[in-house]
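Subject: Structure handover

Hi,

Here is the structure we talked about passing on. Please load it first, then read the notes underneath.

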Protein chains: 2
Amino acid sequence: MKKAKSTMKQTKRSSDSITLEDVARLAGVSTITVSRALNYPEKVASTTLENVNRAISQTGYVPNLLAGGLASKKTKLIAAIIPSITNSVYAETIQHFSSYLREAGYQVILGESGYPEQNEQKLITTILSRKPDGLLLTGVNHSKECRKFLLGAKIPLVETWELTQSPLDIAVGFSHEQVGVAVGSYVTNKGIKQVGSVCANDRRAKIREQAMCDELKRRGIDDIKTAEVSAPTNLQSGRAGFSQLLQQGFRNGIVCCSSDTVAHGVLIEAQARGIRVPYEISILGFGDQNFASETYPAISTVRVDRSKIGLLAAETLLARIDEKAVEKTIIDVGFEIVERQTT
Amino acid sequence: MKKAKSTMKQTKRSSDSITLEDVARLAGVSTITVSRALNYPEKVASTTLENVNRAISQTGYVPNLLAGGLASKKTKLIAAIIPSITNSVYAETIQHFSSYLREAGYQVILGESGYPEQNEQKLITTILSRKPDGLLLTGVNHSKECRKFLLGAKIPLVETWELTQSPLDIAVGFSHEQVGVAVGSYVTNKGIKQVGSVCANDRRAKIREQAMCDELKRRGIDDIKTAEVSAPTNLQSGRAGFSQLLQQGFRNGIVCCSSDTVAHGVLIEAQARGIRVPYEISILGFGDQNFASETYPAISTVRVDRSKIGLLAAETLLARIDEKAVEKTIIDVGFEIVERQTT
DNA sequence: TTGAAAGCGATACCAA
DNA sequence: TTGGTATCGCTTTCAA
């Protein structure tokens, strides 16, 4: 007993939407031919193709990727887990990541991990249940349980923003220790004697701060004032953090911040107090966000190339998915200390 | 001939992943019972439930939502189309939108419409092929073709950021004309005589600027200098825009900007030129982004509540999906002019 | 170049 | 409370 949906009013679980079968009937071909016309047009005779295309536009057919993905085990979906979409460094990374993948016919689905109500494992399970073809992670610090699920999914994975000696699969990022060391040596090379640090209570930020302090001490600078502010940071964090430093007796020197947002807040507080930047104090940010080149003269920063991370992550992931060989599984994109000159 | 996947090495299209059937076999129940244990645990005897749960954690089972969605026609997916993820006003809206939906068991999939290489219709088709249960749109300006596909999907829709008399389904936003009028009257009420406008070449921004100019003229202010900058805007846009105004002879008065980013750029340029804000000129932004309350004293702004838009959009959409009655289909969240005082 | 039939992994429907 | 069976809409496999 064949189906004859068009003739019987309603089959048991009929649906209202237009399916391949509707298109096939209209075009006078079988469903598989329509499927081929969509996925491998070159495998279909040109006249057939025309017929099918006409039928598609006549019906306004929209393929059902759930069904397609279920059948083919390829969803053309890539998942990305980031701490927060409102943090512009992550948003920019994802923006480049998505844009590259979009051109390759993939779509990105986002998960936000930065919210405590959201346990990481549940997030990962939720994401994996959509059966993405690949997955981007932010950071390398996953619980044992999570690693199990991640590896169990048997899909290409890319960890970003941080580097590790033992990536789950691929890592694209930079070393936060190296950033700290570079900042420490930058500061001493400039002959600066007093250093203040306004640092968010964020794992990676703390790694950078620690490495910086170690390097400074190694180079003989012991006068380091530190202020911790809670993540996510905003301008207010910077203002408050800088005030703390001043209370601790910080006067002339450099204020190193865990993000450009914090740095900006420090600048505002300094201006409010009549402290001239970069004359009396100088400020170093991190991320190079919101600071289009040459636009903001008063703050120097550690530039991390979000587009590079996003693009390389996308590229490597795709290569893995297409089962091409991937030369490097640990990719260091580096960073750069950008000095801003006053105009 | 029944399937006996566990005994035969490989069936024709076997897969490596763990399915409901694997769990069922281990728990000694049928697949539908496992399905119930997951979706309606209260409909399953407690001993059975325990067995099933044990089997689930033993196997590390992750449900396949493609299959589930296909069978049930409920994907627990909500799509959101925004111009750009890196624009913080949209990102914040989505952040609240997602967070509300997440608690209700839904996941958000994003589409970016702001990139020209991406035609809107293709974007919509791509999104709809994932069969979301609902859809958020930014703006109310859709092509006829798009409206057709959108309506054809027969899912709840919510248009945000803008209001219209004839929404596709639901609209949550505010009137950009009203913003313009309010700004116009705010300016004249303060007794300001000269107005400069730095406006992005963005549809909604232009609507606001136009309404403001009309209102100003109505109230007898004709001395309006305008500078257009291209979207997406950054600090540089503001600097350049303000420079243009100065060239046109703008001296004392207020600079009205199409976004806070632009306003911030204007501030920087003013400071660079030694023009004191808000004494010699005052600055009005739009959006209240990046300006945590009371943090940035020099710039006033038009505050639009992103969390309200995101939350109300999510709430209304869910109500529609659950087929609850929705009282209002046009929801005006309003706006507010926030004056910042100098400290 | 085209098609028939058998899945993909879940849920809906009806029965026990 | 539990299970058998028929789908959901598409692609793979194999055959014509």
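The notes below go through the interface, the cysteines, the salt bridges and a few single residues.

Keep in mind that this is a predicted model.

**Interface between chain A and chain B**

Chain A puts 59 residues into the contact, and chain B puts in 58. Together the two chains bury about 5100 Å². Carbon and sulfur atoms account for 56% of that area.

How many salt bridges are there between chain A and chain B? The count is 2. In one pairing across the chains, A:E112 and B:R102 meet through their side chains, at 3.9 Å from N to O. The cut-off for a salt bridge is 4 Å, so this pair falls within it. The interface also has 9 residue pairs in polar contact, with both residues at pLDDT 80 or more.

Several elements of chain A give two or more residues to the side that touches chain B. Among them are the helices α4 (65–72), α5 (88–103) and α6 (120–128), and also β2 (107–112). Further along chain A, α7 (144–152), α10 (235–247) and α11 (260–272) are on that list too. The largest share comes from α5(A), with 7 residues. By class, this side of chain A has 23 nonpolar, 21 polar and 15 charged residues.

**Cysteines**

The disulfide count over all chains is 0. Why is A:C213 without a bond to A:C199? The sulfur of A:C199 is the closest cysteine sulfur to that of A:C213, but it is 8.7 Å away, too far for a bond. A:C213 is also buried, at 9% relative accessible area.

A:C257 is in no disulfide either. Its nearest cysteine sulfur belongs to A:C256, at 7.2 Å. The cut-off is 2.5 Å, so that pair does not count. A:C257 is buried as well, with a relative accessible area of 8%.

**Salt bridges**

Over all chains the count comes to 36 salt bridges. Side chains of opposite charge can pair when their charged atoms come close. Here are some cases.

- A:R203 and A:E162 form a salt bridge, with 2.6 Å between the closest N and O atoms. The pair links distant parts of the chain, 41 residues apart. A:R203 sits in helix α9 (residues 203–218) of chain A, whereas A:E162 is in the loop between β4 (157–160) and β5 (170–173). A:R203 is partly exposed at 36% relative accessible area, but A:E162 is buried at 5%.
- B:R25 pairs with B:E21 in a salt bridge, the closest N and O atoms being 3.7 Å apart. Both residues lie in helix α1 (residues 20–27) of chain B. They are 4 residues apart, about one turn of the helix. B:R25 is partly exposed at 38% relative accessibility, and B:E21 is partly exposed at 24%.
- B:K225 forms a salt bridge with B:D223, at 3.4 Å between the closest N and O atoms. B:K225 counts as buried at 18% relative accessibility. B:D223 is partly exposed at 33%. In chain A, salt bridges that share partners join A:E21, A:D22 and A:R25 into one network.

**Single residues**

Where is B:D260? It is in helix α11 (residues 260–272) of chain B. Its relative accessible area is 1%, so B:D260 is buried. A polar atom of the B:D260 side chain lies 2.6 Å from the backbone nitrogen of B:D288.

A:T188 belongs to helix α8 (residues 176–189) of chain A. It counts as buried, at 16% relative accessibility. Its side chain makes a polar contact of 3.2 Å with the side chain of A:R219. Leaving out residues up to four places away in sequence, A:T188 touches A:L216, A:R219 and A:I221.

Is A:E336 buried or partly exposed? A:E336 is partly exposed, with a relative accessible area of 44%. It lies in strand β12 (residues 336–338) of chain A. With residues up to four places away in sequence not counted, A:E336 touches A:T301, A:V302 and A:R303. A:E336 and A:S259 are 77 residues apart in sequence and 14 Å apart in space, C-alpha to C-alpha.

Best wishes

How values were computed
Residues numbered from 1 in each chain as written. Chains lettered and ligands numbered in written order. Predicted model: local features only at pLDDT ≥ 70, side-chain atom pairs only at ≥ 80, totals over all residues. Heavy atoms only, no water. Contact = heavy atoms within 4.5 Å. Buried area = accessible area lost by both parts, 1.4 Å probe. Polar contact = N/O pair within 3.5 Å; in protein donor to acceptor, adjacent residues only side chain to side chain. Nonpolar A, V, L, I, M, F, W, Y, C, P; charged D, E, K, R; others polar. Buried < 20%, exposed > 50% of the residue type's maximum accessible area, 1.4 Å probe, protein only.
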